[in-house]
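Biologist: I am new to this structure and would love a close look at one part of it. Please pick a good place to start, walk me through it slowly, and then show me what else is there.

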Amino acid sequence: MIRFSNVTKQYDNDVVLKNLSLNVDKGEMVYLTGPSGAGKSTLLKLIYCAERPDIGQITVANWDIGKIKQSTIPFLRRNVGIVFQDFRLLENKTVFENIALALRIHNLNTQTIREQVNAVLREVKLSQKAKTYPPHLSGGEQQRVVIARAMVSKPTVLLADEPTGNLDDDTSNSIIALFREINARGTTVVIATHNHELYHGTGRRVLHLNNKNIEQESIG
Amino acid sequence: MNIVRYSLKTALKSIWQEKWINFLTILSISIAMSVIGIFAILIMNIDSAVQHWTRNFGVVVYLYDEITEEEKLKLKERFDSDEDISEVSFTSREDALQDVRRALGGNAVIMDDFNVNPLPSSFSLTLRGDLLKPDIVMEKAQIINAFKGVEDVQYGEKWLMALHEFSRALKTGALAVCAAIFIATTFITYNTIKIFFYRRKDEIETMKLLGTTRSYIRLPFLIEGFVIGFFGGLLSSGTIFALHSFLTSGAASFMPAIDSYLSVMPVAIYILIPAAGALMSVMGSLIAVGKIRY
């Protein structure tokens, strides 16, 4: 599903990733860990094409990231759900509208959008908050809205960048449980985190990013 | 279909939310468009004014003293049958002398010093209004000059040239002002839409990450630009209509001369101005939204 072959990425003269290769299979749930500045976010950005590799090849669900046209990027992103640490929710839109936006761009009709958004709100247990605006939600609730928005269009890949960064342990556990549920339905999930408690004892593959490359691979 | 509905909804919502900025933009566009409209009226009316000023413009054909009656008659027939000539009148040598005496009034005695009448007989020709352009009149004069019995052809070439130079300069100036205002109007919308674009920058960034296409992001801004430009133009049409009505009814009642210079205002201009406003604004919006990069 995701393949990196000898990928190098640098910003000006600062090399962030060097000669990195990795392979994430379809339906796999992988943790990406490493110290701050190790390149976790850059690696995720390369997957959703916010950045392009300087050297090497990246393929995501058969799209070649190095060669993909600007006009095709939106269609790649519709297959990649993204959960941001800073949520990126639109504060002037309700929870319902925030999630619906991900479906509107698919040009679905209003009825279908309503049904699918309500269904995903039930899954993340936020049905009561549908008409609430994001600033009136707790951090955990906001993160669940972001996850709902990322999963509502049923992407093939779900990326999460420090999804529990600002959350307490209980909330973090409930968020990870949500990711497991999503993965159980066949979605490939990549979670970038520096919190080893999140992957400890999960039995999932953990990629340790350090010194511009994957230094170690283990089972959590 | 949903993209159009979404874009319309977003654009109208933004117009309402930012009503004061939009109102001021519409007002600015309407002022600019009104100036364009006034210059358009000016350009349209220059020709009618020039025709008005030159309607009595004549070409005088002086004849040789030795010309026979038969040749004179032949010339008259030629002038009468010429479609370019709307009026022909003949002045005999005697009539010309009388005219000069009348013009000289008390000083007419100086004409007594002449033993013989020095004035030639002549034809006065009035050319069709649409032919009163320096090069056409000159060509016509040259043709007539070659007719048998014609000694000289005179017309107010300097005056005609000056009038046409003046009209051309006025038209060029008006077009230049229109072009400058056209750019300014585009720039007004560009600025407004750029502000809205920056205000929604975070939202747009998020939409891009969700997989929104460029057209989906751009369309609401283009619709907003269209609405702003259209209403700016509409307001301007109203202003021009009021101004034209005032000039043709109000002003003309105490300045009758002005009425004869004002040509009928084509109705199309009231449609063209909002259309031009909308076009310029959409152009400004397009530049403001620019190339969206992923």
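Modeller: Happy to. One term will help us first: two strands count as paired if DSSP finds at least two bridges between them. Please also keep in mind that this is a predicted model.

Let us start with the sheet of chain A. Four strands of chain A form an open sheet, and their order is β2-β1-β4-β5, with antiparallel pairing. At the edges are β2 (14–24) and β5 (63–64) of chain A, each of which pairs on one side only.

Now look at β1 of chain A, which covers residues 2–11. Its pairing with β2(A) is antiparallel and is made through seven bridges. One place to see this is Arg3(A), whose bridge partner in β2(A) is Asn23(A). The hairpin of β1(A) and β2(A) has two residues between the strands, and there Asp12(A) takes a positive phi near 55°.

Next, turn to the pairing of β1(A) with β4(A). Strand β4 of chain A spans residues 55–60, and five bridges link it to β1(A) in the antiparallel sense. Arg3(A) appears again here, standing opposite Thr59(A) in β4(A). So if you find Arg3(A) on your screen, you can look towards Asn23(A) in β2(A) and towards Thr59(A) in β4(A). Further along, Ser5(A) stands opposite Gln57(A) of β4(A). As you follow these residues, it helps to know that in a regular strand the side chains alternate between the two faces of the sheet.

A helix belongs to this picture too. Helix α1 of chain A, residues 40–47, lies across β1, β2 and β4 of chain A, and its direction is at about 120° to that of β1(A).

There is also a side-chain link to find. Side chains of opposite charge can pair when their charged atoms come close. Lys9(A) and Glu51(A) meet in a salt bridge of 3.5 Å, N to O. Because Lys9(A) lies in strand β1 of chain A and Glu51(A) in the loop between α1 and β4 of chain A, the pair ties together parts that are 42 residues apart in sequence. Over all chains, the whole structure has 18 salt bridges.

What about the place where the two chains meet? Across the interface of chain A and chain B, zero salt bridges are found. Four residue pairs there are in polar contact, with both residues at pLDDT 80 or more. On the chain A side, the elements giving two or more residues are α2 (73–77) and α3 (95–104) of chain A, and α2(A) gives the most, with four. Sorted by class, that side has 12 nonpolar, six polar and six charged residues. Chain A brings 24 residues to the contact and chain B brings 20. The buried area between them is about 2000 Å², with carbon and sulfur atoms giving 56% of it. Gln70(A), Arg77(A) and Ile105(A) supply 28% of the area that chain A buries against chain B, more than any other three residues.

Finally, take a look at the sheet of chain B. This is an open sheet of four strands in the order β2-β3-β1-β4, again paired antiparallel. The edges are β2 (85–91) and β4 (150–155) of chain B, each pairing on one side only, and the twist from one strand to the next averages 20°. Within this sheet, β1 (58–63) and β3 (122–127) of chain B run antiparallel and are joined by five bridges; Val59(B) has Leu125(B) as its bridge partner in β3(B). Helix α5 of chain B, residues 134–145, packs on the sheet and touches β1, β3 and β4 of chain B, its direction making about 165° with that of β4(B).

Terms used
Residues numbered from 1 in each chain as written. Chains lettered and ligands numbered in written order. Predicted model: local features only at pLDDT ≥ 70, side-chain atom pairs only at ≥ 80, totals over all residues. Heavy atoms only, no water. Contact = heavy atoms within 4.5 Å. Axes fitted to C-alpha atoms, helices over the stretch in contact; angles between N-to-C directions. Buried area = accessible area lost by both parts, 1.4 Å probe. Salt bridge = Lys/Arg side-chain N within 4 Å of Asp/Glu carboxyl O. Polar contact = N/O pair within 3.5 Å; in protein donor to acceptor, adjacent residues only side chain to side chain. Nonpolar A, V, L, I, M, F, W, Y, C, P; charged D, E, K, R; others polar.
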